Amino acid sequence: MSHSAPEKTKIVTAIVIGAGCRGSGYASYALCDRHPFKVIGVAEPRDDFRNKFVDKYKIPKENIFKDWKDAAQKEKIADCVIICTQDKLHKDPAVAFAKLKYHILLEKPMAPTEGECREIVKTCKSEGVLLQVCHVLRYSPWAMKIKEIIDSGRIGDVVNIQHLEPVGHWHFAHSFVRGNWSNEMESSNSLLQKCCHDLDLINFWMGKNRCEKISSFGNLSHFSHEHKPKGAASRCLDCPSSIERVCPYSAKKVYLEKIANGHKGWPLSILHSSPDIENITELLKTGPYGKCVYDCDNDVMSNQVVNMQFENGATASMTMIAFTEAICDRKVTVFGTKGELQCHGAGHSLVLYDFTRGDHDRIDTTAKMMKGLSGHGGADFYCMDSFVEAIVQNDPEKIRTGPDETFYSHMLVFAAEKARKETKVVSMAPDGTFT
């Protein structure tokens, strides 16, 4: 009796466009003991980041590019592409590689404008390729458990959701005052960049109960020239010690103290691919991360609230705030007619208070923490795992943040920004359009 050889598991191959913090993080899935996954190409304009990535994944010479456009000139060489360019540089590579029949993993936000989002969705659908946007929080165990409990009816009908995104005081200064997302015209607004996946979560938890009305208020607080201490220099390394040592946003504290203590990961890895005390010091002397936070060209909100009303009368509020001790450690409370569900310090456990029994139930939601993919409380790993599994099984249902749902949640952000800028309540239609 003859036996056929067992079918080999498909190796999913990928090109990474943008080998910075996010691109390198997603690529590290290749080092996990999960589905066979191999990074075979990279496009990255910065020599040091590109060279480090090439060495780590042994990328063949013919698949090394400075510009993603050169990679797109070749015939298809991989199953998928991981796009982690800056926000304004998402649309063009996403459309180009979709037309080459690559499956697309796209860092959030999808794109900074409604028109670009529509083009990405339309192209991926017409070309028949998978599109997964990295709203990674949907893949985290705690967010999935909240959804499961809501859908089970254990807390009755949802009446209100309160959601807090505490960005972190020095994190905001790093990313949204000195960093890549400080200026809306050069990148995107802070609500879209930082909290598109927070509004996406609220939309996810509410299910088919769509948002009908949305309003928003915000302000750029503190990080402006009028708050600069008298006598402070334009760069932290030049600032008088009497001023610098009492400044919570000092670049010496944020960067030099960390590396002096042996830390070389984020945020230092944003400044240099192989950070050390010498190159970080030099970058603080000349680059944007050494600037006084009160002398930058930042214009994005450091404090913003979004208020939402849904079809059945339920409401939700989302607050993004820069000035916190916690760094992106979300706090969520869901108020239902039969119970209250709390997630304080997202990632470890939920607490459900049952109105009928009058007791508390602590529910474990501890996530797997994989090296290189521990971001967002381990959600980065679950996001990659779902994407690779969708390709292996040719099953779009494995993707929780596909084109339609992601487009709709982006429309919520665009509507909220319209409401903030025009000081009005914006009405949402079921298809996501708004007035």
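**Exercise 1. Domains and their interface**

Task: Which domains does the assignment give for the protein, and how many residues of domain 1 and of domain 3 are in contact?

Solution.

Step 1. The protein's domain assignment, whose bounds come from an automatic or database source, gives domain 1 (12-129), domain 2 (137-223 + 298-367 + 402-427) and domain 3 (225-286). Before going on, keep in mind that this is a predicted model, in which local features need pLDDT of at least 70 and side-chain atom pairs count only at pLDDT 80 or more, while totals for chains, interfaces and linings use all residues. Residues are numbered from 1 along each chain as its sequence is written, and side-chain values use heavy atoms, with hydrogens and water left out.

Step 2. Taken over C-alpha atoms, the centres of domain 1 and domain 3 are separated by 32 Å. Contact (heavy atoms within 4.5 Å) involves five residues of domain 1 and six residues of domain 3.

Step 3. Now for the area: domain 1 and domain 3 bury about 440 Å² between them, 57% of it on carbon and sulfur atoms. Buried area here is the accessible area (1.4 Å probe) that two parts lose on being put together, summed over both.

Step 4. Across this interface of domain 1 and domain 3, two residue pairs are in polar contact, both at pLDDT 80 or more. A polar contact is a pair of N or O atoms within 3.5 Å; within protein, one must be able to donate a hydrogen and the other to accept it, and residues adjacent in sequence count only if both atoms are side-chain atoms. The count of salt bridges between domain 1 and domain 3 is zero; a salt bridge is a side-chain nitrogen of Lys or Arg within 4 Å of a carboxyl oxygen of Asp or Glu.

Step 5. On the side of domain 1 that touches domain 3, helix 2 gives the largest share, three residues. Helices (H or I, at least four residues) and strands (E, at least two) are DSSP runs, numbered from the N terminus.

**Exercise 2. Three salt bridges**

Task: What parts of the chain do the salt bridges D385 and R34, R50 and D47, and R138 and D200 link, and are these residues buried or partly exposed?

Solution.

Step 1. Begin with the total: the structure holds 30 salt bridges. As a reminder, side chains of opposite charge can pair when their charged atoms come close.

Step 2. D385 and R34 meet through their side chains at 2.7 Å, N to O. This pair links distant parts of the chain, 351 residues apart: D385 is in helix 13 (residues 379-393), and R34 is in the loop between helix 1 (21-27) and strand 2 (37-43). Buried means under 20% relative accessible area, exposed over 50%, and partly exposed in between (1.4 Å probe, protein chains only). D385, at 11%, is therefore buried, whereas R34, at 35%, is partly exposed.

Step 3. R50 and D47 form a salt bridge whose closest N and O atoms are 2.7 Å apart. Both sit in helix 2 (residues 47-57), and because they are three residues apart, about one helical turn separates them. R50 is buried at 8%, and D47 is partly exposed at 40%.

Step 4. In the salt bridge of R138 with D200, the closest N and O atoms are 2.7 Å apart. R138 lies in the loop between strand 6 (131-133) and helix 6 (141-152), and D200 lies in helix 8 (residues 190-206), so the pair ties together parts 62 residues apart in sequence. R138 is buried at 3%, and D200 is buried at 1%. Salt bridges with shared partners join R138, D200, R210 and E405 into one network.

**Exercise 3. Backbone details**

Task: Where do the cis peptide bonds K108 to P109 and W266 to P267 lie, and which loops hold K101 and H222?

Solution.

Step 1. Recall the background: most residues other than glycine have a negative phi, and most peptide bonds are trans.

Step 2. The bond from K108 to P109 is cis, with omega near -5°, and P109 is in the loop between strand 5 (103-106) and helix 5 (114-127). W266 and P267 are joined by a cis bond with omega about 5°; P267 lies in the loop between helix 10 (251-260) and helix 11 (268-271).

Step 3. K101, not a glycine, has a positive phi of about 75°. K101 lies in the loop between helix 4 (91-99) and strand 5 and is partly exposed at 39%.

Step 4. H222 is not a glycine and has a positive phi of about 75°. H222 is in the loop between strand 8 (211-219) and helix 9 (241-244), and is partly exposed at 26%.
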